[in-house]
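This report introduces a single protein structure to a reader who has not met it before. The sequence and the structure are shown first.

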Amino acid sequence: MNPEDIKDQFLEVLTEIQTDSGYGGTSISGETRPMTDLEGFDSLLCVEAINMLADKLNVEIPSSQVHKIVLSEDGKQHLTIDESVGIIFKIVNTGET
């Protein structure tokens, strides 16, 4: 599994969530910061998105890792999808974060 596969699946999950939440049509790219750029997207939907992504990738992503996927190490900045994909790639392929 490579980062592009993860990114494609993550974008698909986020698009599905936004559409189901009534916010479809929003452009989502690697530079999107889901927690700040996507209308109606909150911490609960973030957990849902990571769980849906884990199911699509057929991997386990511990819930304890979710905050590391969406927040910077100091917890002060929301990450872009591209930044999150890098972290997910490490978790999926090495178990490291």
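The sections below take up the helices, the way they pack, and some individual residues.

## Basis of the report

The structure is a predicted model. The description starts with helix 1, moves to the helices that pack with helix 1, and ends with residues in the loops.

## Helix 1

Helix 1 has 18 residues, which at 1.5 Å a residue should span 26 Å; the C-alpha atoms at its ends are 26 Å apart, in agreement with that expectation. The buried residues of helix 1 are Ile-6, Lys-7, Phe-10, Leu-11, Val-13, Leu-14, Ile-17 and Gln-18. Viewed down the axis of helix 1, these buried residues fall within an arc of 165°, and they therefore line one face of the helix. A general property of helices is relevant here: an α-helix has 3.6 residues a turn, so residues three or four places apart point the same way.

The cover over the buried residues of helix 1 includes helix 2, helix 3 and helix 5.

## Helix 3 and its packing with helix 1

For helix 3, with 15 residues, the span expected at 1.5 Å a residue is 21 Å, and the end C-alpha atoms are indeed 21 Å apart. Cys-46, Ala-49, Ile-50, Met-52, Leu-53, Ala-54 and Leu-57 are buried in helix 3. Helix 1, helix 2, helix 4 and helix 5 are included in what covers them.

Helix 1 and helix 3 pack with their axes 9 Å apart, at an angle of about 135°. This angle makes helix 1 oblique to helix 3. Their crossing is right-handed. On the helix 1 side, the residues that meet helix 3 include Ile-6, Phe-10, Val-13 and Ile-17; on the helix 3 side, those that meet helix 1 include Ala-49, Ile-50, Leu-53 and Leu-57.

Glu-48 is also located in helix 3 and is among the residues of that helix that meet helix 1. Its relative accessibility is 40%, so Glu-48 counts as partly exposed. Glu-48 and Lys-7 are separated by 41 residues in sequence, and their C-alpha atoms are 16 Å apart in space.

## Helix 5 and its packing with helix 1

Helix 5 covers residues 81-94, and its 14 residues should span 20 Å at 1.5 Å a residue; the end C-alpha atoms are 19 Å apart, which agrees. Its buried residues are Ile-81, Ser-84, Val-85, Ile-88 and Ile-91. Seen along the axis of helix 5, they fall within an arc of 125°, so they line one face of the helix. They pack against helix 1 (3-20), helix 2 (34-37), helix 3 (43-57) and helix 4 (66-70).

The axes of helix 1 and helix 5 are 9 Å apart, and the two helices pack at an angle of about 120°. Helix 1 is therefore oblique to helix 5. The crossing of this pair is right-handed. Pro-3, Ile-6, Lys-7, Phe-10, Leu-11 and Leu-14 in helix 1 meet Ile-81, Asp-82, Ser-84, Val-85, Ile-88 and Phe-89 in helix 5.

## Ile-88, a buried residue of helix 5

Ile-88 belongs to helix 5. Its relative accessibility is 0%, so Ile-88 counts as buried. Apart from neighbours within four places in sequence, Ile-88 is in contact with Ile-6, Phe-10, Leu-53, Leu-57, Ile-61 and Ile-69. Of these partners, Ile-6 and Phe-10 are also buried residues of helix 1, while Leu-53 and Leu-57 are buried residues of helix 3.

Ile-88 and Pro-3 lie 85 residues apart in sequence, yet their C-alpha atoms are 8.4 Å apart in space.

## Two loop residues

Is a residue in a loop buried or exposed? The two residues described here give opposite answers.

Leu-38 is found in the loop between helix 2 and helix 3. Leu-38 is buried, because its relative accessible area is 3%, and the cut-off for buried is under 20%. When neighbours within four places in sequence are set aside, its contacts are Leu-14, Gln-18, Thr-26, Ile-28, Thr-32 and Arg-33. The C-alpha atom of Leu-38 is 13 Å from that of Val-13, and the two residues are 25 residues apart along the chain.

Asn-58 occupies a place in the loop between helix 3 and helix 4. With a relative accessible area of 70%, Asn-58 is exposed. Most residues other than glycine have a negative phi. Asn-58 is not a glycine, yet it has a positive phi of about 55°.

Key. Residues are numbered from 1 along each chain as its sequence is written. This is a predicted model: local features need pLDDT of at least 70, side-chain atom pairs count only at pLDDT 80 or more; totals for chains, interfaces and linings use all residues. Side-chain values use heavy atoms; hydrogens and water are left out. Helices (H or I, at least four residues) and strands (E, at least two) are DSSP runs, numbered from the N terminus. The expected span of a helix is 1.5 Å times one less than its number of residues. Buried means under 20% relative accessible area, exposed over 50%, partly exposed in between (1.4 Å probe, protein chains only). The arc is that of the directions from the helix axis to the C-beta atoms. Contact means heavy atoms within 4.5 Å. Axes are lines fitted to C-alpha atoms, for helices over the stretch in contact, and angles run from 0 to 180 degrees between N-to-C directions. Angles under 35 degrees count as roughly parallel, over 145 as roughly antiparallel, 65 to 115 as roughly perpendicular and the rest as oblique. A crossing is left-handed if the near helix is turned anticlockwise from the far one by less than a right angle, and right-handed if clockwise.
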